[in-house]
Amino acid sequence: MSTPDHAAIETLIADYRNPAHAEAVVSLLDSYARDPAGGGTPLDAAVREALPAALAARPQAFSVLAYDGEQAVGLINCIEGFSTFACKPLVNVHDVVVLAGHRGQRVAQKMFAQVEQEARRRGACKLTLEVLSGNAPALRAYERDGFVSYQLDPAFGSAVFLQKKL
């Protein structure tokens, strides 16, 4: 198996109405969902069908795709939020996907450069993301890109991400 040439990786902002981009977003997200780090369960057929249009209907959403030639090999889904402390937008990195054969090739780093460019264009004050504590390779990649744990005052500790399903 040859090692991908990470210099040949191209990134772009997905156009959810472009059928090839829409298929890449769904396919890559499904591969992440099937991975143990993504829960180990494929996306529901209804989600696969509705996701591109649902994302296209939300101007606060954007996705970055990475291509190795014609093959989509990476995806970052982002949702713009708002920082009340800064009174500016922020961008939450919601999903990061790199196909197994391209991991360790800095594909995520190239996608994060595109995410940061788009976040700055939107006037965002910061990028946020959550990661499972046991996902050491992802943690290293994020730290390499400048992400750090969030805290206001060390006496209160670091932020903890919680959820409540509805």
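Here is a short walk through this structure, from its sheet to its surface. Keep in mind that you're looking at a predicted model.

Let's begin with the sheet. Five strands make up an open sheet, lined up in the order β1-β2-β3-β4-β5, and the pairing is mixed. At the edges you'll find β1 (9-13) and β5 (127-129), each of which pairs on one side only. Going from one strand to the next, the twist averages 30 degrees.

Now zoom in on one edge. Strands β4 and β5 pair in the parallel sense, and three bridges link them. If you want a spot to look for, try V91: its bridge partner in β5 is L127.

Next, hop over to β2, which covers residues 61-68 and holds S63. Is S63 buried or exposed? Its relative accessibility is 0%, so S63 counts as buried, since the cut-off for buried is under 20% relative accessible area. S63 has a partner too: its side chain and that of Y16 are joined by a polar contact of 2.7 Å.

For the opposite case, go to the loop between β3 (71-83) and β4 (88-98), where F85 is found. F85 has a relative accessible area of 73%, and because exposed means over 50%, F85 is exposed. What does F85 make together with Y150 and L152? These residues form a nonpolar surface patch of about 420 Å².

So that's your tour: try finding S63 in strand β2, then F85 in its loop between β3 and β4.

How values were computed
Residues are numbered from 1 along each chain as its sequence is written. This is a predicted model: local features need pLDDT of at least 70, side-chain atom pairs count only at pLDDT 80 or more; totals for chains, interfaces and linings use all residues. Side-chain values use heavy atoms; hydrogens and water are left out. Patches are made of residues with over 30% relative accessible area and no salt bridge: like charges are joined within 9 Å, nonpolar side chains (Val, Leu, Ile, Met, Phe, Trp, Tyr) within 5 Å. Accessible areas come from the Shrake-Rupley method with a 1.4 Å probe; for residues, only the protein chains shown count as cover. A salt bridge is a side-chain nitrogen of Lys or Arg within 4 Å of a carboxyl oxygen of Asp or Glu. Helices (H or I, at least four residues) and strands (E, at least two) are DSSP runs, numbered from the N terminus. Buried means under 20% relative accessible area, exposed over 50%, partly exposed in between (1.4 Å probe, protein chains only). Two strands pair if DSSP finds at least two bridges between them. Axes are lines fitted to C-alpha atoms, for helices over the stretch in contact, and angles run from 0 to 180 degrees between N-to-C directions. A polar contact is a pair of N or O atoms within 3.5 Å; within protein, one must be able to donate a hydrogen and the other to accept it, and residues adjacent in sequence count only if both atoms are side-chain atoms.
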